[in-house]
Amino acid sequence: MTSPKPKTIQTMKPATAAKKLGVPLSATPAEFQAGVVSRDELNELQSTPPAWLADLRRNGPHTKQVIAAKLRVSIAGLLRGGITGPLTTAEIDALKAENPAWLEREQSLYAEARKEALRLKQR
(Lines give C-alpha, C1' and ligand atoms only; values in the text may rest on other atoms or scores of the structure.)
Protein backbone atom coordinates (compact mmCIF):
# COMPACT_ATOMS: atom_id res chain seq x y z
CA MET A 1 0.00 0.00 0.00
CA THR A 2 1.31 3.45 -0.84
CA SER A 3 1.04 6.37 1.48
CA PRO A 4 -0.81 9.46 0.29
CA LYS A 5 1.27 12.22 -1.20
CA PRO A 6 2.05 15.03 1.19
CA LYS A 7 0.03 18.12 0.49
CA THR A 8 2.07 20.65 -1.45
CA ILE A 9 1.87 24.25 -0.42
CA GLN A 10 0.53 26.54 -3.12
CA THR A 11 2.49 29.76 -3.42
CA MET A 12 2.18 32.84 -5.59
CA LYS A 13 4.31 35.78 -6.56
CA PRO A 14 3.86 38.97 -4.54
CA ALA A 15 2.35 40.72 -7.58
CA THR A 16 -0.38 38.08 -7.81
CA ALA A 17 -1.08 38.27 -4.08
CA ALA A 18 -1.25 42.09 -4.19
CA LYS A 19 -3.70 41.90 -7.09
CA LYS A 20 -5.89 39.45 -5.15
CA LEU A 21 -5.75 41.79 -2.15
CA GLY A 22 -6.72 44.76 -4.35
CA VAL A 23 -3.64 46.86 -3.60
CA PRO A 24 -0.75 48.02 -5.79
CA LEU A 25 2.39 45.96 -5.24
CA SER A 26 4.54 49.11 -5.10
CA ALA A 27 2.63 50.28 -2.00
CA THR A 28 3.19 47.07 -0.02
CA PRO A 29 6.03 46.63 2.50
CA ALA A 30 9.43 45.50 1.20
CA GLU A 31 9.22 42.13 2.98
CA PHE A 32 5.90 41.42 1.20
CA GLN A 33 7.43 42.34 -2.18
CA ALA A 34 10.56 40.25 -1.61
CA GLY A 35 9.01 36.88 -0.72
CA VAL A 36 6.42 34.47 -1.96
CA VAL A 37 2.93 34.23 -0.49
CA SER A 38 1.26 30.92 0.30
CA ARG A 39 -2.45 30.35 -0.14
CA ASP A 40 -2.80 30.11 3.65
CA GLU A 41 -0.95 33.41 4.14
CA LEU A 42 -3.20 35.09 1.57
CA ASN A 43 -6.30 33.78 3.32
CA GLU A 44 -4.94 35.07 6.63
CA LEU A 45 -4.24 38.51 5.10
CA GLN A 46 -7.78 38.62 3.74
CA SER A 47 -9.52 37.51 6.92
CA THR A 48 -7.45 39.52 9.41
CA PRO A 49 -5.59 42.26 7.52
CA PRO A 50 -2.50 43.69 9.22
CA ALA A 51 -2.32 47.43 9.85
CA TRP A 52 -0.43 48.18 6.62
CA LEU A 53 -3.07 46.42 4.51
CA ALA A 54 -6.00 48.02 6.34
CA ASP A 55 -4.34 51.43 5.87
CA LEU A 56 -3.75 50.80 2.16
CA ARG A 57 -7.37 49.76 1.64
CA ARG A 58 -8.61 52.80 3.55
CA ASN A 59 -6.27 55.52 2.26
CA GLY A 60 -4.69 54.15 -0.90
CA PRO A 61 -3.01 54.36 -3.24
CA HIS A 62 -5.71 52.33 -4.98
CA THR A 63 -5.64 50.19 -8.12
CA LYS A 64 -7.52 51.12 -11.28
CA GLN A 65 -10.27 48.64 -10.43
CA VAL A 66 -10.88 50.24 -7.03
CA ILE A 67 -10.69 53.78 -8.43
CA ALA A 68 -13.20 52.92 -11.15
CA ALA A 69 -15.58 51.38 -8.62
CA LYS A 70 -15.34 54.37 -6.26
CA LEU A 71 -15.98 56.82 -9.12
CA ARG A 72 -18.68 54.59 -10.70
CA VAL A 73 -16.98 54.50 -14.10
CA SER A 74 -15.31 51.84 -16.23
CA ILE A 75 -11.56 51.34 -16.35
CA ALA A 76 -11.63 52.50 -19.97
CA GLY A 77 -13.48 55.61 -18.78
CA LEU A 78 -10.65 56.31 -16.34
CA LEU A 79 -8.16 56.14 -19.17
CA ARG A 80 -10.28 58.42 -21.35
CA GLY A 81 -10.38 60.84 -18.41
CA GLY A 82 -6.59 60.81 -18.16
CA ILE A 83 -6.31 58.72 -14.97
CA THR A 84 -3.49 56.28 -15.64
CA GLY A 85 -1.90 55.68 -12.22
CA PRO A 86 -2.92 54.92 -8.67
CA LEU A 87 -4.86 57.51 -6.68
CA THR A 88 -5.30 57.95 -2.94
CA THR A 89 -8.69 58.15 -1.27
CA ALA A 90 -8.19 61.91 -0.80
CA GLU A 91 -7.50 62.34 -4.53
CA ILE A 92 -10.59 60.31 -5.42
CA ASP A 93 -12.72 62.39 -3.03
CA ALA A 94 -11.32 65.60 -4.56
CA LEU A 95 -12.23 64.34 -8.04
CA LYS A 96 -15.76 63.56 -6.86
CA ALA A 97 -16.08 67.03 -5.33
CA GLU A 98 -14.73 68.72 -8.46
CA ASN A 99 -16.96 66.54 -10.68
CA PRO A 100 -15.29 67.38 -14.01
CA ALA A 101 -17.22 67.04 -17.26
CA TRP A 102 -15.41 63.84 -18.25
CA LEU A 103 -16.40 62.20 -14.95
CA GLU A 104 -20.08 63.07 -15.40
CA ARG A 105 -20.00 61.77 -18.98
CA GLU A 106 -18.26 58.52 -18.00
CA GLN A 107 -20.62 57.94 -15.07
CA SER A 108 -23.65 58.29 -17.34
CA LEU A 109 -22.07 55.97 -19.95
CA TYR A 110 -21.30 53.43 -17.24
CA ALA A 111 -24.82 53.62 -15.82
CA GLU A 112 -26.32 53.10 -19.27
CA ALA A 113 -24.04 50.13 -19.95
CA ARG A 114 -25.03 48.55 -16.63
CA LYS A 115 -28.74 49.11 -17.35
CA GLU A 116 -28.37 47.49 -20.76
CA ALA A 117 -26.46 44.54 -19.30
CA LEU A 118 -29.19 44.06 -16.69
CA ARG A 119 -31.90 44.27 -19.36
CA LEU A 120 -30.16 41.63 -21.46
CA LYS A 121 -29.63 39.40 -18.46
CA GLN A 122 -33.37 39.52 -17.63
CA ARG A 123 -34.35 38.43 -21.13
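Contact, throughout this tour, means heavy atoms within 4.5 Å. The model is predicted, with local features requiring pLDDT of at least 70 and side-chain atom pairs counted only at pLDDT 80 or more, while totals for chains, interfaces and linings use all residues. Residues are numbered from 1 along each chain as its sequence is written, and side-chain values use heavy atoms, with hydrogens and water left out.

**First stop: Q107**

Select Q107, which is placed in helix α8; helices here are DSSP runs (H or I, at least four residues), as strands are (E, at least two), and both are numbered from the N terminus. Q107 has a relative accessible area of 19% and is therefore buried, where buried means under 20% relative accessible area, exposed means over 50%, and partly exposed lies in between (1.4 Å probe, protein chains only). If residues up to four places away in sequence are not counted, Q107 touches L71, R72, V73 and N99. Now show the backbone oxygen of L71, which lies 2.7 Å from a polar atom of the Q107 side chain. This is a polar contact, a term that covers a pair of N or O atoms within 3.5 Å; within protein, one must be able to donate a hydrogen and the other to accept it, and residues adjacent in sequence count only if both atoms are side-chain atoms.

**Second stop: two of the neighbours of Q107**

Move to R72, in the loop between α5 and α6, where phi is near 60 degrees, a positive value in a residue other than glycine. R72 counts as exposed, at 51% relative accessibility. Then select N99, which sits in the loop between α7 and α8 and also has a positive phi in a residue other than glycine, near 45 degrees. With a relative accessible area of 31%, N99 is partly exposed.

**Third stop: helix α5**

Before entering the helix, look at the loop between α4 (51–59) and α5, where P61 is found. The peptide bond that joins G60 and P61 is cis, with omega about 10 degrees.

Next, select residues 64–71, which make up helix α5, and colour I67, A68 and L71, which are buried. Seen down the axis of α5, these buried residues fall within an arc of 100 degrees, so they line one face of the helix; the arc is that of the directions from the helix axis to the C-beta atoms. Which helices help to cover the buried residues of α5? The cover includes α6, α7 (89–98) and α8.

**Fourth stop: α5 against α7**

Two packed helices are described by the angle between their axes and the distance between the axes. For α5 and α7, the angle is about 35 degrees and the axes are 11 Å apart; axes are lines fitted to C-alpha atoms, for helices over the stretch in contact, and angles run from 0 to 180 degrees between N-to-C directions. Show I67, K70 and L71 of α5 together with I92, L95 and K96 of α7, the residues that make the contact. The crossing of α5 past α7 is right-handed, meaning that the near helix is turned clockwise from the far one by less than a right angle, whereas an anticlockwise turn would make the crossing left-handed.

**Fifth stop: the salt bridges**

Side chains of opposite charge can pair when their charged atoms come close. How many salt bridges does the structure hold? There are 4 salt bridges, the term being used for a side-chain nitrogen of Lys or Arg within 4 Å of a carboxyl oxygen of Asp or Glu.

Select R80 and E106, whose closest N and O atoms are 2.8 Å apart in a salt bridge. This pair links distant parts of the chain, with R80 in helix α6 (residues 75–80) and E106 in helix α8 (residues 101–122), 26 residues apart. R80 counts as exposed at 53% relative accessibility, whereas E106, at 3%, counts as buried.

Follow α8 to E112 and K115, whose side chains meet in a salt bridge at 3.4 Å, N to O. Both residues lie in α8, 3 residues apart, about one turn of the helix. E112 counts as partly exposed at 48% relative accessibility, and K115 is exposed, with a relative accessible area of 52%.

Finally, select E116 and R119, which form a salt bridge with the closest N and O atoms 2.6 Å apart. E116 and R119 both lie in α8, 3 residues apart and about one turn of the helix. E116 counts as partly exposed at 35% relative accessibility, and R119 is partly exposed, with a relative accessible area of 40%.
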